[in-house]
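This report looks at charged side-chain pairs and at cysteines, taking the cysteines as its starting point.

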Amino acid sequence: MIALSIDDLKSFTQKLFLGTDFDDFLLTEAKIVTFNTFTIDGHVRRGFYTEEEAGELKLQECSFWKTIRPICFSLIKGKRLPGSFHISLQANHQQMEDFLTSRQILAISSEQIKGLYLHIRYDDGKLFCITGSSLAVFTMDKTLEREWDTYVEDFLKQTGIAAIRE
């Protein structure tokens with residue numbers, strides 16, 4: 001787990017709330033504080049959709065960020081900055097598979113990974129991206145965690161976001 005400080009708040013929030021760079025991540029939870037506190041649980045309620053709709057939408061355990069992004073943007077847009085926001089994103093199944101393949105991580109399978117996370121926290125005028133990983137098995141090997149940290153740094157760099165390790 002690493003914390004990355006983001007200095008260019010405007011550029012980052014434009015990419016997060018208006019761009020498509022983060023769209024393939026899943027939203028596990030969002031909390032946005034403006035004139036009220038808004039909390040969004042990103043976990044999909046399967047009973048809401050028919051099986052056909054679920055298949056067409058390629059539903060996963062949580063909603064894709066691209067689905068929830070416009071709602072979150074509507075909560076923060078305006079002349080005033082939000083008091084804070086915390087957004088927890090998770091790699092979707094295909095991202096996880098691609099990550100394991102590209103980083104040649106053979107010791108752990110995607111079934112053993114509960115989640116690869118990117119937590120975005122804005123508080124007191126400061127913005128941080130914090131990485132995280134969760135496994136369903138115990139291992140002393142920290143390769144997955146280190147590689148995910150590097151992957152997130154590379155992802156931010158590729159999207160034009162300058163991030164500094166704290």
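## Cysteines

Cys129 has a relative accessible area of 0% and is therefore buried. The model is a predicted one, and a search through the whole of it returns 0 disulfides. Cys72 is accordingly in no disulfide, and the nearest cysteine sulfur to its own belongs to Cys62, at 13 Å. Cys72 also counts as buried, because its relative accessibility is 0%.

For Cys129, the closest cysteine sulfur is that of Cys72, and the distance of 15 Å is too far for a bond. The cut-off that matters for this reasoning is 2.5 Å between the two sulfur atoms of a disulfide.

## Salt bridges: the buried pair

How many salt bridges does the structure hold? There are 4, and one of the pairs joins the side chains of Arg69 and Asp23, with an N to O distance of 2.9 Å. Arg69 belongs to helix α3, which covers residues 65-76, while Asp23 sits in the loop between α1 (9-17) and β2 (26-33), so that this contact ties together parts of the chain 46 residues apart in sequence. Both partners, Arg69 and Asp23, are buried.

## Salt bridges: contacts of helix α5

A salt bridge also forms between the side chains of Arg103 and Asp154, at 3.0 Å from N to O. This pair links distant parts of the chain, given that Arg103 lies in the loop between α4 (93-102) and β6 (113-123), whereas Asp154 lies in helix α5 (residues 143-158), 51 residues apart. Asp154 has a relative accessible area of 28% and is thus partly exposed. Arg103 and Asp154 are also members of a network of salt bridges that includes Glu147.

Glu153 takes part in a salt bridge as well, its side chain meeting that of Arg165 at an N to O distance of 2.8 Å. Because Arg165 lies in strand β8 (residues 163-165) and Glu153 in helix α5, this pair ties together parts that are 12 residues apart in sequence. Which class of exposure do the two partners fall into? Arg165 is partly exposed, with a relative accessible area of 45%, and Glu153 is likewise partly exposed, with a value of 23%.

## Summary

In this predicted model, the cysteines Cys72 and Cys129 are buried, and the search for disulfides finds 0. Among the 4 salt bridges, the Arg69 and Asp23 pair has both residues buried, whereas the pair of Arg165 and Glu153 consists of partly exposed residues.

Key: Residues are numbered from 1 along each chain as its sequence is written. This is a predicted model: local features need pLDDT of at least 70, side-chain atom pairs count only at pLDDT 80 or more; totals for chains, interfaces and linings use all residues. Side-chain values use heavy atoms; hydrogens and water are left out. Helices (H or I, at least four residues) and strands (E, at least two) are DSSP runs, numbered from the N terminus. Buried means under 20% relative accessible area, exposed over 50%, partly exposed in between (1.4 Å probe, protein chains only).
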